[in-house]
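This report describes how the parts of one protein model fit together. The sequence and the structure are shown first.

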2 protein chains.
Amino acid sequence: MKALWLENQKLELREVPKPDRPNEALIRIRKAGICSTDLEMVKGYYPFTGIPGHEFVGEVVDAPDRSWIGQRVVGEINVVCGTCESCLNERPTHCENRTVLGISNRNGVFAEYTTLPLENLYRVPDSVSDEMAIFTEPLAAALEIQQQIQIEQADRVLLVGAGRLGQLIAQTLALAGCNLHVLARHPFQQNLLTARGINLISEAEINSGKWDIVIEATGSPDGFNLARKAVRPRGTMVLKSTYEGEMSVNISSIVVDEITVLGSRCGPFESALQLLESGAVDPSVLMTAKYSLGEVIEAFKHASQPGVLKIYIEM
Amino acid sequence: MKALWLENQKLELREVPKPDRPNEALIRIRKAGICSTDLEMVKGYYPFTGIPGHEFVGEVVDAPDRSWIGQRVVGEINVVCGTCESCLNERPTHCENRTVLGISNRNGVFAEYTTLPLENLYRVPDSVSDEMAIFTEPLAAALEIQQQIQIEQADRVLLVGAGRLGQLIAQTLALAGCNLHVLARHPFQQNLLTARGINLISEAEINSGKWDIVIEATGSPDGFNLARKAVRPRGTMVLKSTYEGEMSVNISSIVVDEITVLGSRCGPFESALQLLESGAVDPSVLMTAKYSLGEVIEAFKHASQPGVLKIYIEM
């Protein structure tokens with residue numbers, strides 16, 4: 001089958017054997033989105049060799065349980081052992097023996113086919129289009145914040161960054177009914193937010209030490225430092241992005257102000273699908289462009305340009 | 001009066017005017033302890049000019065409410081405005097306009113007298129000796145951890161560091177009944193812990209990613225990194241010490257493992273006094289040496305030697 005291959009920070013479209021894991025579902029990929037993590041892997045932030053890609057919607061074409069065949073599905077990206085301490089303590093996304101679709105020890109979805117265990121699959125409701133279903137994984141990641149902390153109506157919540165993930169976080173937090181403001185750099189990011197009635201704020205308007213909850217979604221040291229300054233004593237900083245290499249941080253200020261810093265990663269697929277079905281969020285506004293699998297390398301180039309939102313591949 | 005004066009990282013014993021704040025209690029200092037923060041101020045980590053010192057027990061000799069006169073007291077070190085957002089939201093130790101005894105914009109206790117508002121004072125129960133009462137402030141700081149997070153009996157708790165504050169943290173956590181282990185560098189630190197039946201652990205025995213709660217009380221980058229490696233996914237790192245300058249940190253690992261990092265500073269005086277009164281903790285084992293106010297500079301030199309626990313000054 002045709003697949004995108006990543007090796008030594010080089011992308012190549014090549015012919016590879018169709019995957020064959022009899023214990024897993026064989027999924028024909030319909031559409032797949034390019035995520036910041038994919039771009040970071042190409043830059044060499046994570047060591048990965050193989051087929052990248054983890055945001056997808058596809059169709060089951062073979063499965064140990066044949067009732068799944070023909071189903072349109074999305075898939076939880078962490079494939080877990082079920083027996084390690086993390087799995088036994090209801091932290092499956094932190095499985096010590098996990099492989100991660102297109103990210104760690106498992107080929108991903110920029111290909112004609114992929115495989116996943118049946119327990120990773122979620123049927124996509126008919127009313128959710130393929131274009132929307134691609135967003136299940138990042139939307140779940142956005143929803144993880146509210147799995148981790150309770151956000152009260154009166155909370156002053158600042159979101160720093162309004163890129164791919166930031167937009168989804170903004171849309172989900174707006175539903176929480178809190179006092180939300182978003183720092184968005186680019187005018188087109190700002191327009192997407194104002195169109196949904198979400199409040200913008202400029203860097204100059206952000207009061208230091210006045211925000212109950214600050215969510216950092218830029219992945220840059222500047223964003224981190226701005227978030228740190230904004231959060232109030234005993235407030236919470238939620239980190240939704242990874243950072244390149246190590247970062248120089250004033251940890252003492254976190255101690256003195258008794259800040260809670262919370263890392264946040266993968267979230268609940270079921271809630272994400274329900275939210276897509278309800279129409280309460282609309283990720284489709286993030287679509288920038290569509291490419292074919294044959295054009296996937298060009299698509300990566302496009303996605304890596306500053307300010308581009310979601311690029312997806314149609315197989 | 002005689003007082004220790006800190007200016008440009010130099011300590012000097014000098015004659016200064018007796019403090020005169022009619023709205024506050026005038027306190028004759030009986031005993032005062034040297035804390036790591038005092039030593040760090042001398043090293044220039046914090047800008048402070050004036051009389052250092054904040055751990056004390058004293059006797060009220062004058063006060064706006066004369067019923068306090070003659071009382072033996074300890075004092076909460078944060079003097080607050082009562083009207084800022086932090087004060088109005090029950091975070092007085094984070095008052096935006098606070099002065100801090102011997103640390104920030106307020107003379108401290110290495111002197112014959114100091115002053116504090118009456119609302120900062122706590123009467124010391126008769127059964128608590130002067131030597132024990134000095135420990136109220138650091139013991140309160142140790143207790144702050146359990147104000148911030150709930151520690152369950154089954155929790156695997158690792159304490160990294162067993163110096164002045166670490167010993168008090170160990171004693172208070174041991175009362176929480178959790179599965180506690182302490183990494184203590186020096187044999188005399190280890191002996192104090194084993195004498196109380198507290199489990200030790202060596203660095204080689206610490207499993208990576210297996211501890212529910214890790215408390216960092218070394219203030220060193222090595223201690224921080226060790227604590228980070230030890231804590232399990234979705235576990236909690238409590239930071240009880242400040243660090244010199246900025247530190248290089250792998251923030252991405254905190255995001256990927258969804259760690260909670262929690263800064264922790266001043267704590268509840270009332271609980272600390274109750275604990276001292278009950279005899280459930282025994283800080284007196286930390287006493288290394290006693291000096292007079294005239295010998296205070298020598299006392300600082302002694303306190304700054306590696307592995308020394310509590311040095312105190314008797315006025």
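How many salt bridges does the structure hold over all chains? The total for this predicted model is 44 salt bridges. Side chains of opposite charge can pair when their charged atoms come close. One of the salt bridges joins B:Arg28 and B:Glu59, with 3.1 Å from N to O. This pair links distant parts of the chain, since B:Arg28 lies in strand S3 (residues 25–33) of chain B and B:Glu59 in strand S4 (residues 55–62) of chain B, 31 residues apart.

**Arrangement of the two chains**

Chain A is superposed on chain B by a rotation of 180° with 0.0 Å of shift along the axis, and the RMSD is 0.0 Å. The two copies are therefore related as by a two-fold rotation axis. Within chain A, A:Ser248 has the C-alpha nearest the axis, at 2.1 Å from it. Of the interface residues of chain A, 100% are also interface residues in chain B, so the copies meet through the same surface.

**Domains of chain A**

Chain A is divided into two parts: domain 1 covers 2–123 + 282–314, and domain 2 covers 142–263. Taken over C-alpha atoms, the centres of domain 1 of chain A and domain 2 of chain A are separated by 28 Å. Three residues, A:Tyr45, A:Leu286 and A:Leu309, supply 42% of the area that domain 1 of chain A buries against domain 2 of chain A, more than any other three residues. Helix H1 (residues 36–42) of chain A gives the most to the side of domain 1 of chain A that touches domain 2 of chain A, namely three residues. By class, that side of domain 1 of chain A has ten nonpolar, two polar and three charged residues.

**The two interfaces in figures**

The table lists values for the contact between the domains of chain A and for the contact between the chains.

| Property | Domain 1 of chain A and domain 2 of chain A | Chain A and chain B |
|---|---|---|
| Residues in contact | 15 residues of domain 1 with twelve residues of domain 2 | 41 residues of chain A with 41 residues of chain B |
| Buried area | about 1100 Å² | about 3500 Å² |
| Part of that area from carbon and sulfur atoms | 57% | 48% |
| Salt bridges | zero salt bridges | eight salt bridges |
| Polar contacts | seven residue pairs | 25 residue pairs |

**Contact between the chains**

Across the interface of chain A and chain B there are eight salt bridges. A:Arg234 forms a salt bridge with B:Glu144, and the closest N and O atoms are 3.3 Å apart. Several elements of chain A each supply at least two residues of the side that touches chain B: helix H2 (85–88), helix H4 (136–148), strand S14 (231–239), strand S15 (247–249), helix H8 (251–256) and strand S16 (260–263). H8(A) provides the largest share of this side, with five residues. Which classes make up the side of chain A that touches chain B? Its residues divide into 14 nonpolar, twelve polar and 15 charged.

Note on methods: Residues numbered from 1 in each chain as written. Chains lettered and ligands numbered in written order. Predicted model: local features only at pLDDT ≥ 70, side-chain atom pairs only at ≥ 80, totals over all residues. Heavy atoms only, no water. Least-squares fit on C-alpha atoms with pLDDT ≥ 70 in both. Contact = heavy atoms within 4.5 Å. Domains from an automatic or database assignment. Buried area = accessible area lost by both parts, 1.4 Å probe. Salt bridge = Lys/Arg side-chain N within 4 Å of Asp/Glu carboxyl O. Polar contact = N/O pair within 3.5 Å; in protein donor to acceptor, adjacent residues only side chain to side chain. Helix = DSSP H or I, 4+ residues; strand = E, 2+ residues; numbered from the N terminus. Nonpolar A, V, L, I, M, F, W, Y, C, P; charged D, E, K, R; others polar.
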